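Please walk through the following structure with attention to its charged pairs, its strands and its enclosed space.

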Amino acid sequence: MKVAILGAGNAGCAVGADLTLHGHEVTLIKTSHAMHDENFKYLQENDGKMILNEFGKISEANISKVTRDLEEISNNEIIIIYIQTNYHKDLIKRIVKYLKDDQIILINPGYLSSAYLLEYCDKDIIIAEAQSSFIDGRIMENGYFRVGFRNVRNPIGIYPSSRKEEAIEKLDKLGERFVYLDSIIEAALHNPNMIVHTIGSVMSIPRIEIAKDDFCMYHEAYTRENTHTWQVLEALDEEKMNVLEKLGFERLSYEEACKYRNSLDTSIDAKEVFLDYAAMDTRAKGPVKVDSRYISEDVPEGLVMLESLGKVLDIRTPIATSFIEIASAALGRELRKNGRSVEDLGYENIKKLINDSKSNE
């Protein structure tokens, strides 16, 4: 299949190489100059050569096309948006003129960015939104990616539900272990970073400032000894589940959602699955500074969205609100100002996504 990936950062490059190894024709498109420009230049000068090191197994892929030309998305069946969610709205506004009927736009992950496509795109497209990145890891040097983890299942939602079977037939060909949810809403609210990044990084601010390049959030914030941190996680997770339930969806905890993504062994305790995942020695270090995407993305795009949905649904979210306030104070800027609210996403757009999932019940 012909697949375009918008975003040439860590995940975009890794998935671009992975899909190439699966036999697909991949166009990797860099959407900004924010970071990874040297790696992008290397790919352009070396026939798209990208090496994946997956726990010692070395695979080399040559990505078909590496470019900055957004118009290239017109020539592809599936388009994967793989940039930070802070920039989804602006990117979607830039690309809608190049979209065509029947293309699948997969947002990975999204925090309800599907609503922006409903707002700005008038084409007859299929929208898919994922919970989390398929492959975790880092670009260690130009053209070289070390895989830290690969999900055993990748839950995604599809809109409109009337085209779900059509979408499944095409998406399954990618070979990325997809499983299909009832709604994009579930995928958005089960984005793990809204819970694990925000708590782990905000509560570790002094440690991040001291340790810098030597800090690994998963290794330090989430251990079997950190019982009080886990209690905070469960309190925030309760707020998320309250919102899901009020919207008409199943109450599914963070740890159970993590287990579903990360383990095929149903006999293992869900919390143990997460703690084993956090303790992996292949976990990339970071964040290395306080003002990183762990806070500057996942608080305004994730927690602000959760808080805003809570207000509309008359559900209290004191933990989410507290973390928003603390993170805003730490960074010295109001993270709600450009955050993801119901008003920003569009109440009618969210309503369409909710009602679509109920239409086939």
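Asp102 is partly exposed, with a relative accessible area of 38%. This figure, like every other one here, comes from a predicted model. The side chain of Asp102 meets that of Arg163 in a salt bridge, with an N to O distance of 2.7 Å. Asp102 sits in the loop between α3 (88-95) and β7 (104-107), and Arg163 in the loop between β11 (154-159) and α5 (164-171), so the salt bridge ties together parts that are 61 residues apart in sequence. Unlike a residue in the partly exposed class, Arg163 has a relative accessible area of 12%, and because buried means under 20%, Arg163 is buried. The two residues also belong to a network of salt bridges that links Asp102, Asp124, Arg163, Glu166 and Lys170.

Several of the elements just named lead into the sheet. Eight strands form an open sheet, in the order β5-β2-β1-β6-β7-β8-β11-β12, with mixed pairing. At its edges lie β5 (65-67) and β12 (178-180), each of which pairs on one side only. From one strand to the next, the twist averages 25°. Within this order, β8 (residues 126-130) and β11 run antiparallel and are joined by 4 bridges. One residue pair can be picked out here: Ala130 has Ile156 of β11 as its bridge partner.

The next element to look at is a hairpin. Strand β9 (residues 135-141) and strand β10 (residues 144-150) run antiparallel, and 6 bridges join them. Ile139 has its bridge partner in β10, namely Phe145. The hairpin has 2 residues between the strands, and Gly143 takes a positive phi near 75° there.

What lies against this hairpin can be approached through its charged residues. The side chains of Asp136 and Arg283 meet in a salt bridge, 2.4 Å from N to O. This pair links distant parts of the chain, since Asp136 is in strand β9 and Arg283 is in the loop between α12 (270-279) and α13 (293-296), 147 residues apart. Asp136 has 23% relative accessibility and therefore counts as partly exposed. Arg283 is at 7%, so this residue counts as buried.

How many cavities of 30 Å³ or more does a search of the whole structure find? The search finds 1. The largest cavity has a volume of about 30 Å³. Its lining is made up of Gly137, Arg138, Met140, Arg146, Val147, Gly148, Thr282 and Ala284. Strands β9 and β10 each supply at least two residues of that lining. Sorted by class, the lining has 3 nonpolar, 3 polar and 2 charged residues. Because Gly counts as polar, Gly137 and Gly148 of the lining fall in that class.

The pairs described so far are part of a longer list, as a search of the whole structure finds 23 salt bridges. Another of them joins Glu245 to Arg251, whose closest N and O atoms are 3.1 Å apart. Are these two residues buried or partly exposed? Glu245 counts as partly exposed, at 46% relative accessibility. Arg251 also counts as partly exposed, at 29%.

Definitions and conventions: Residues are numbered from 1 along each chain as its sequence is written. This is a predicted model: local features need pLDDT of at least 70, side-chain atom pairs count only at pLDDT 80 or more; totals for chains, interfaces and linings use all residues. Side-chain values use heavy atoms; hydrogens and water are left out. Two strands pair if DSSP finds at least two bridges between them. On a 1 Å grid over the protein atoms alone, a cavity is a set of points where a 1.4 Å probe fits but cannot get out, and a pocket is an open set with protein on both sides within 12 Å along at least five of seven lines; lining residues have an atom within 4 Å of a point. Grid points are joined across faces, edges and corners, and a volume is the space filled by probe spheres set on the points. A salt bridge is a side-chain nitrogen of Lys or Arg within 4 Å of a carboxyl oxygen of Asp or Glu. Buried means under 20% relative accessible area, exposed over 50%, partly exposed in between (1.4 Å probe, protein chains only). Axes are lines fitted to C-alpha atoms, for helices over the stretch in contact, and angles run from 0 to 180 degrees between N-to-C directions.
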